[in-house]
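Trainee: Could you take me through some of the labels people attach to a model like this one? I'd like to see the reasoning behind each.

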Amino acid sequence: MTLPDPHGAALTSQPPSNRLPPIPLAWLTWGLLASLYFVGFFQRVAPAVMVDELMRDFAIAATMLGNLSAVYFYTYAAMQIPSGLLADAVGPRRVGALAAVAAAAGIALFALADSLWTATLGRGLVGASVAVAFVACMKLAGHWFPANRFATVTGISLLIGNLGGVLAGVPLSEAVSGFGWRAAMLASAAATLVLALFVWLWVRDDPTERGYASHAHPEALNNGTMSAARALMRVVSERDTWLLFFAGGLIAAPVLTFAGLWGVPYLVQVHGLERSHAAVFTTVMLLGFAVGGPLLGALSDRMGRRKPPYLGAALAHALGWMIFLLAPDLSSTALYLLFAVIGFSAGGLIIGFAFSREANHPGAAGTVGGVVNMAVLGFAAIQQSAMGWILDRNWRGTVIEGARVYDAAAYHAAFLWLAISAAGAVVFVALTRETRCRLRFDSDG
């Protein structure tokens with residue numbers, strides 16, 4: 001039978017039953033929407049391999065380059081709460097499809113920009129549009145998968161996103177060298193537009209629209225009874241929401257700042273590596289991040305605990321950055337291993353999304369996801385800009401082919417704040433209250 005869609009699309013369904021959706025159908029439905037997160041992560045870290053080209057084309061120094069890269073994070077962060085409210089009120093399918101169209105437009109605008117202002121506008125539009133991806137994926141996961149697999153599924157979304165980051169490493173570096181950064185960005189815009197079509201045609205917000213029973217909590221299915229204002233009020237009044245907000249932002253920002261922008265120029269300018277070789281090192285960090293999310297999420301689900309694995313990951317992450325600062329002359333092999341550990345341990349932040357969801361009302365699942373994820377990108381935006389400012393303050397006047405070059409002392413002054421950020425995450429995780437992988441709403445009414 002065909003169900004009418006108030007937004008104009010026909011939803012093909014069979015009569016509802018008590019049968020839960022087949023696992024392959026659940027993964028395909030969720031995976032298509034998760035592909036938008038892949039696009040978002042690709043765009044997030046892409047500037048790292050085109051630093052010289054962007055500096056030359058727009059005649060800018062580190063501070064302005066940091067701002068150009070960071071505007072993606074600012075608009076992404078600003079859209080997190082609206083994204084969560086939209087995911088709760090409108091549904092992941094509609095929000096995701098429209099966001100993919102807007103992202104394609106933003107990428108194209110950035111690629112064709114003839115001024116810094118236009119490039120900034122395009123990058124800001126990309127950040128604002130792909131902002132819905134992660135939150136919508138979490139919302140969709142709550143309907144298509146059982147609750148005791150939420151951290152695992154959310155971790156796999158981090159894996160998918162980081163694969164986008166991997167594509168933005170060596171492959172994008174080679175594409176930029178061979179075809180130019182503008183052509184590479186235009187190709188990604190076209191691919192994003194195709195993705196929008198697939199999301200609209202295939203994704204459904206709940207298994208009942210395909211004739212299957214839903215995994216969602218009844219309160220989540222009836223979240224229309226909770227207004228956006230009430231959902232937001234419940235989320236922001238919960239103590240653990242804020243602890244997990246700061247923990248996630250402080251553990252993610254160092255990785256997104258280093259691998260997403262300043263790591264490649266540091267390795268090129270201080271260690272004398274070729275750009276593609278330097279991109280391999282940051283790719284290792286992103287691969288560790290990608291693998292750490294699903295594995296640490298699955299470990300948390302299996303243990304039936306959130307706090308111990310999250311705290312352990314945060315401690316390892318902080319220790320990794322301290323070693324990086326205190327032992328700058330590590331061998332290539334040791335540096336690969338250290339970057340892998342730093343990235344892997346950062347993947348523990350994925351536990352925080354399941355953690356925060358369980359600490360809040362199920363009808364506000366999208367809203368709490370948006371609030372917590374706002375810090376992940378917002379803190380990275382601040383750090384990327386701050387790193388650029390610190391580098392310019394410590395610049396010794398060296399310029400090569402129109403691009404500024406910074407020495408080891410300048411980078412060390414900037415990277416000190418990565419370790420401080422990671423240490424702060426440990427403190428906030430330590431203050432959280434365990435949920436034992438159960439909704440507090442069920443236990444306290």
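Mentor: Let's go through helix packing, burial and cysteines in turn. This is a predicted model, where local features need pLDDT of at least 70, side-chain atom pairs count only at pLDDT 80 or more, and totals for chains, interfaces and linings use all residues. Residues are numbered from 1 along each chain as its sequence is written, and side-chain values use heavy atoms, with hydrogens and water left out.

Trainee: Why is H9 called oblique to H10?

Mentor: Helices are DSSP runs of H or I with at least four residues, numbered from the N terminus. H9 (residues 170-179) and H10 (residues 181-202) pack at about 125°, and their axes lie 7 Å apart. Under 35 degrees would be roughly parallel, over 145 roughly antiparallel, and 65 to 115 roughly perpendicular, with the rest oblique. That angle therefore makes H9 oblique to H10.

Trainee: And what is the angle taken between?

Mentor: Axes are lines fitted to C-alpha atoms, for helices over the stretch in contact, and the angle runs from 0 to 180 degrees between N-to-C directions.

Trainee: Which residues of H9 meet H10?

Mentor: Leu172, Ala175, Val176 and Phe179 meet Trp181, Ala183, Ala184 and Met185 of H10; contact means heavy atoms within 4.5 Å. By class, this contact has eight nonpolar, no polar and no charged residues. Ala, Val, Leu, Ile, Met, Phe, Trp, Tyr, Cys and Pro count as nonpolar, Asp, Glu, Lys and Arg as charged, and the others, Gly among them, as polar.

Trainee: What makes Thr241 buried or exposed?

Mentor: Buried means under 20% relative accessible area, exposed over 50%, and partly exposed in between, using a 1.4 Å probe and protein chains only. Thr241 has 0% relative accessibility, so Thr241 counts as buried. Thr241 is in helix H13 (residues 239-269). Not counting residues up to four places away in sequence, Thr241 touches Val235, Asn360, Val368, Val371 and Val372.

Trainee: How about Gly304, buried or exposed?

Mentor: Gly304 has a relative accessible area of 15%, so Gly304 is buried. Gly304 sits in the loop between H14 (275-303) and H15 (307-326). Leaving aside neighbours within four places in sequence, Gly304 contacts Arg436 and Cys437.

Trainee: Why do Cys137 and Cys437 get their burial labels?

Mentor: Cys137 is at 1%, so Cys137 is buried. Cys437 is at 21%, so Cys437 counts as partly exposed.

Trainee: How many disulfides are there?

Mentor: A disulfide needs a pair of cysteine sulfur atoms within 2.5 Å, and by this rule the count is zero.

Conventions
Helices (H or I, at least four residues) and strands (E, at least two) are DSSP runs, numbered from the N terminus.
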